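These are my notebook entries from a session spent looking things up in one structure. I wrote them down in the order in which I went through the chain.

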Amino acid sequence: MKVPYILLAVLALTLMSSCGDSAEEAERQRREQQRQDSLALKVAVTPTLDCLPLYIAEQQGWFEREGVSVQLRPYTAQMDQDTALVRHRVEGMTTDLHRLEWIREQGMPVRQVATTSLKWQLISNKTARIKQLRQLDDKMVAMTRRSATDWLASHIADSAGLKPERLFRIQVNDVHVRLDMLLTGIMDAMFLPEPQATVARRDGHYVLLDTDSMGLHLGVIVFSEQALADTMRQRQVEQFLKVYQMAVDTIASKGLQPWGQLIADKCRVPKEVISEISEE
């Protein structure tokens, strides 16, 4: 039986109309997503334990509960965070005090709004048999330039009586790459944050220095002055800090154990390391 041409024409028009509606709906959704993205407060974070309060707040939906839209933008290197802030891809980020001062010196107005639990350990490769700072003479130490780890490298050179040029500072910005270079025996020593430092200790590598034992608390959260000059962003930052403190208090009361899987997922470390961090 032949289908009348008029029926074929109607079917074709119906299909064309349906496709047109789908494309229009997809475009509408894309525009709405762009609008939501532009309204959200965007904060750069790293796969480190000092960012755990933010990861908890995101996972638990606490930002939404307090009426603030927050997008956490993950980066594995401080330098990438800086670039994102300068190019206005984010309004705020986690960093350290020495990095903050360097950013300001580059002409980027930023303001510290909170402190974090960021800490570092200087860990030597077990195959290098380095047990004292003075043994770092003529050795390679992985760090990030113009950051707290750069300042710490200068500090240990001075305290150990080493000539600055005899401590080879190797810039390795990505925290995952840095840890891998220790585990595979490529680097003599390096500065690692938690939980990466615990991974290294579990593998038998040796702790030469701990910023906690030195009484150094250098982790901060900063926002650009441009963002803080905007009334809407000011309100968002206020709510953001309220939620951040809620998460910090939760960790203080419950410890790290309830968040073991979250830490493992966000920081790319085995879940088993969490109990050892808790004992530190």
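The entries below go from the whole chain to one sheet, then to a loop residue, a helix and a group of aromatic rings.

**Entry 1, the whole chain.** I note at the start that this is a predicted model, and I read everything that follows with that in mind. I counted the secondary structure and found 12 helices and 10 strands in the chain. I then looked up burial, and of the 280 residues 46% count as buried. For the accessible surface I have a value of about 14500 Å², with 52% of it belonging to carbon and sulfur atoms. I also looked at the contacts whose separation is 6 or more, and residues 24 or more positions apart account for 75% of them.

**Entry 2, the sheet.** In which order do the strands of the open five-stranded sheet lie? I read the order as β2-β1-β3-β10-β4, and the pairing is mixed. The edges are taken by β2 (70-74) and β4 (110-115), and because each has a single partner strand, one side of each is left without a neighbour in the sheet. Ignoring direction, I find that neighbouring strands of this sheet are turned against each other by 30° on average.

I went through the pairings in turn. Strand β1, which covers residues 41-45, is parallel to β2 and is joined to it by five bridges, and in this pairing L41 stands opposite V70 of β2. On the other pairings I noted that β3 and β10 run antiparallel with five bridges between them, and that D96 has G219 of β10 as its bridge partner. β4 and β10 are likewise antiparallel and joined by five bridges, and here R111 is matched with F223 of β10.

**Entry 3, what lies on the sheet.** I looked up which helices touch these strands, and two are recorded here. Helix α4 (residues 78-86) packs on the sheet, where it touches β1, β3 (92-96), β4 and β10 (219-224), and its direction makes about 145° with that of β3. Helix α10 (residues 231-254) lies across β1, β2, β4 and β10, and it runs at about 50° to β1.

Is β10 mostly covered or mostly open? It is mostly covered, since six of its six residues are buried. I recalled that in a regular strand the side chains alternate between the two faces of the sheet. I therefore checked the two faces of β10 separately, and both are covered, with G219, I221 and F223 buried on one side and V220, V222 and S224 buried on the other.

**Entry 4, a loop residue.** I next looked at T46, which sits in the loop between β1 and α2 (52-60). Its relative accessibility is 11%, and because the cut-off for buried is under 20%, T46 counts as buried. The side chain of T46 makes a polar contact of 2.7 Å with that of T48. Which residues does T46 contact once its neighbours within four places in sequence are left aside? I found C51, Y55, Y75, Q81 and T94.

**Entry 5, helix α11.** For helix α11 (residues 260-267) I listed the buried positions as G260, L262, I263, A264 and C267. R268 follows α11, and I noted that its phi is positive, near 55°.

**Entry 6, the aromatic rings.** How many aromatic pairs does the structure hold? I found two. F63 and F240 form a stacked pair, with 5.8 Å from centre to centre and 0° between the planes. This pair links distant parts of the chain, as F63 belongs to helix α3 (residues 62-65) and F240 to helix α10, 177 residues apart. F63 counts as buried at 2% relative accessibility, and F240 is buried with a relative accessible area of 0%.

The other pair, F223 and F240, is edge-to-face, at 5.5 Å centre to centre with 80° between the planes. It links strand β10, which holds F223, with helix α10, which holds F240, across 17 residues. F223 is also buried, with a relative accessible area of 0%. I closed the entry by noting that F63, F223 and F240 form one aromatic cluster.

Technical notes. Residues numbered from 1 in each chain as written. Predicted model: local features only at pLDDT ≥ 70, side-chain atom pairs only at ≥ 80, totals over all residues. Heavy atoms only, no water. Buried < 20%, exposed > 50% of the residue type's maximum accessible area, 1.4 Å probe, protein only. Contact = heavy atoms within 4.5 Å. Areas by Shrake-Rupley, 256 points an atom, 1.4 Å probe, with all protein chains shown as cover. Pairing = 2+ DSSP bridges. Axes fitted to C-alpha atoms, helices over the stretch in contact; angles between N-to-C directions. Polar contact = N/O pair within 3.5 Å; in protein donor to acceptor, adjacent residues only side chain to side chain. Phe/Tyr/Trp six-rings, centres within 6.5 Å; stacked < 30°, edge-to-face > 60°.
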